[in-house]
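Here are my notes on this one, as numbered points. Have the model open while you read.

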Amino acid sequence: MVDINVFGIAWQEIVNWFLAQPIFAQVLVLIGVFAVLVLAVILVYYILKGVGYLVYYLLKGVYYLLKGIGLLFYKLFEGLYYAISGKPKPQSNTETPQQAPQQQQAPQVKEEEPIVPIQKSSQLVRPEVTFCSECGSRFTDTMLHSLTETGVAYCIHCGSKKTQEYQMSIES
Ligand SMILES: [Zn+2]
């Protein structure tokens with residue numbers, strides 16, 4: 001019957017052996033060869049399919065890679081554009097130091113807004129030096145803090161009550 005290891009034998013020997021067989025055996029051999037060919041085609045089909053998937057995912061990966069690189073270049077040139085438009089310095093290889101000051105400028109603007117009212121309120125409520133109207137002793141930090149927080153403080157020397165209205169009158 002069909003020997004799988006026919007590829008090691010010379011082709012002429014195979015033909016001679018094939019012709020020596022009866023018709024019945026020759027048909028069986030042809031069917032066997034045909035089956036092997038079909039199996040080989042199916043195998044090649046799945047191999048090509050696997051290679052196709054491999055190439056597909058490879059191209060997909062390359063696509064995302066190029067997309068990432070494109071995005072990187074876009075951000076890079078965007079940063080360069082703002083850096084050049086903001087500062088006319090022809091720097092080309094220092095992108096990250098140029099982007100750092102841009103990011104620092106934005107929080108600085110935001111920080112200035114809450115600081116201003118805090119400075120105003122502290123200047124209004126808390127002068128640097130305040131003296132007691134009863135005993136003339138200087139207000140301690142604890143008294144000033146209590147005056148700022150609760151609006152009422154008591155002199156630690158004479159015990160007289162101090163309010164913010166009193167403090168405002170002293171300032172004006
Ligand atoms: Zn006092």
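**Notes on the model**

1. Let's start in a loop: leaving aside residues up to four places away in sequence, Ile156 touches Thr140 and Met143. A contact here means that two C-beta atoms, placed from the backbone, lie within 7 Å. Ile156 sits in the loop between β1 (152–154) and β2 (161–163). Ile156 and Met143 are 13 residues apart along the chain, and their C-alpha atoms are separated by 8.0 Å.

2. Is Ile156 buried or exposed? Neither quite: Ile156 counts as partly exposed because 13 other C-beta atoms lie within 10 Å. The cut-offs are 20 or more such atoms within 10 Å for buried and 12 or fewer for exposed, with partly exposed in between.

3. Some ground rules. This is a predicted model, where local features need pLDDT of at least 70, side-chain atom pairs count only at pLDDT 80 or more, and totals for chains, interfaces and linings use all residues. Residues are numbered from 1 along each chain as its sequence is written.

4. On confidence, pLDDT (the predictor's per-residue confidence, from 0 to 100) averages 77 over the protein chain, and 66% of the residues score at least 70. By element, helix α2 (residues 23–86) has the highest mean, 93, and helix α3 (residues 95–125) the lowest, 50. Over residues 118–123 pLDDT stays under 50, and the model has zero contacts there beyond four places in sequence. Where pLDDT is low, the predicted coordinates should not be read in detail.

5. The chain runs α-α-α-α-β-β-α, with helices (H or I, at least four residues) and strands (E, at least two) taken as DSSP runs numbered from the N terminus. Buried residues make up 4% of its 172 residues, and α2 contributes zero buried residues among its 64.
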